[in-house]
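Okay, thanks for coming, everyone. I'd like to walk you through one structure today, a piece at a time, so let me put it up on the screen.

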Amino acid sequence: MKLGAHPLQQLRPVRPETGQGPVVSQAASARHTHAKAIDSLSLQPAALDQVKDCRAAWQRSLLARVADTDLSPAVEELFAHHLSTDFYGVRTDGMRRLEIEGPGGKLDVQLAPNRNKVPLAEIKDGENKECALCRPPFQEERGLSWRDYNVWPNAFPYVPTESRHVVITAARHVGQRFTPQLLGDMIDYQRHAGESTPVTMHYNGVAGNSQFHLHWQATRETLPLQRLLDRGELPTELLHSGDGGRVDSYDHGFFTGLLVRGDKGYVSRWATILIDQIDRDPLTRGAYNLLLLHPRDGQARLAIIPRRADDLKPPVGDFGKVGLGAFSLGGTIVVPRDQLPETFAEDLTAAAARTVVRPHELSWLTRVTRQPSNPMLLARTAQLATATTDDP
Ligand SMILES: [Zn+2]
């Protein structure tokens, strides 16, 4: 299971990848396997009632159901529980953080040498073919049930466990996708789970990801992209501003993309408009990554990184072809080795430059961001258009 685009990992998948088959047959077969997965456990899939005591719930259920307001302490309990059972084993041993110079600012490198020592035998690969995100392959794994999502500890975390790396999966087996409702939920997740310590969220979509099943990820990292932005060192170009927020582009060395800041409604609305174009643009064909940087002054901050559909896995030196994801393009690169190859910074920079589509290449960007987005303005424009047409 290559949970979330571990960018520089040469892991054999520990479970068969679900692939990107036709959506209809995927969903049909998934319903079947999902049912089987639950039957094969004596545990109930989820408690129906929201609980305060997750550990008691995990005695009987895979998932403890939690309310919005309990999300932050529940994530803490999730980690306390898995740390107490030594869930991560050696997979987080020997992690080290380095900084390298990239064009446009410093990049973080997370060395995670034991991420490549996945205990294949424990997972009984081949015995069950069900989706790894419908039911986690580790028997001892427990999760949270929140709204229409399940929250699991990432069994192969990019970062030390203090960063609380979790995977937020759709409770139903549906493919990677964007909807404004989903983004709104993730913005809410970030707010509730980040009550005591801010949370960064990321989504790889079809770029830098091997799992079909819809999932986002969350950590407590502060990405280099955000550090630049917070220090006022990321040059941005304003594309739209209106009630509730603004849209900018940025194109600064390693870092490039679109930045939507504002309240939940503004960010969801503008993300929908921009992603709709990215879905149709022949350069991107639906390939993009999303990052929810830490909220600031009560506003959500969404980075959208358009990706080149024909170059989603550029070569990175002797690592071979690598499916770079949102985390890497936000400036934190996870490397499953105990030291870096000498030319790593150059190789990585070249790879990133190949796989991103820079704002100036998006032929629709100026036209789309000039349109009025305020529903009142849209209504008025429509009225004006009608009035003009009807004019004798
Ligand atoms: Zn699934």
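Let's start with one residue, Asp-347, which you'll find in helix 9. Before I go on, keep in mind that this is a predicted model.

So, is Asp-347 buried, exposed or partly exposed? It has 18 C-beta neighbours inside 10 Å, and because a residue needs 20 or more to be called buried, Asp-347 counts as partly exposed. And what does Asp-347 touch, once you leave out residues up to four places away in sequence? That would be Val-316 and Gly-317. Take Val-316: 31 residues separate it from Asp-347 in sequence, yet in space the two are 5.2 Å apart, C-alpha to C-alpha.

Now zoom out to the whole of helix 9, residues 344-355. This helix lies across strand 3 and strand 15, and it runs at about 65° to strand 3.

That brings us to the sheet. Strands 3, 4 and 15 make an open sheet, in the order 3-4-15, with mixed pairing. Strand 3 (96-102) and strand 15 (332-335) are the edges; each has a single partner strand, so one side of each has no neighbour in the sheet. On average, neighbouring strands here are turned by 30° against each other, if you ignore direction.

How do strand 4 and strand 15 run? They're parallel, and four bridges join them, with strand 4 covering residues 105-111. If you want one pair to look for, Val-109 has Ile-333 in strand 15 as its bridge partner.

Over to another pair of strands. Strand 2, residues 61-65, is mostly covered, with four of its five residues buried. Strand 2 runs parallel to strand 5 (residues 143-146), and three bridges join the two. Here you can pick out Arg-65, which sits opposite Ser-145 in strand 5.

Last stop: two helices. Helix 5 (residues 180-193) packs with helix 7 (residues 264-280) at an angle of about 140°, and their axes are 9 Å apart. The two are therefore oblique to each other, and the crossing is right-handed. Which residues make that contact? From helix 5 we have Pro-180, Leu-183, Gly-184 and Ile-187, and from helix 7 there are Lys-264, Val-267, Ser-268, Arg-269, Ala-271 and Thr-272. Sort the residues of that contact by type and you get five nonpolar, three polar and two charged.

That's my tour, so over to you for questions.

Note on methods. Residues numbered from 1 in each chain as written. Predicted model: local features only at pLDDT ≥ 70, side-chain atom pairs only at ≥ 80, totals over all residues. Axes fitted to C-alpha atoms, helices over the stretch in contact; angles between N-to-C directions. Parallel < 35°, antiparallel > 145°, perpendicular 65-115°, else oblique. Left-handed = near helix turned anticlockwise from the far one by under 90°. Contact = placed C-beta atoms within 7 Å. Nonpolar A, V, L, I, M, F, W, Y, C, P; charged D, E, K, R; others polar. Pairing = 2+ DSSP bridges. Buried ≥ 20, exposed ≤ 12 C-beta atoms within 10 Å, placed from the backbone.
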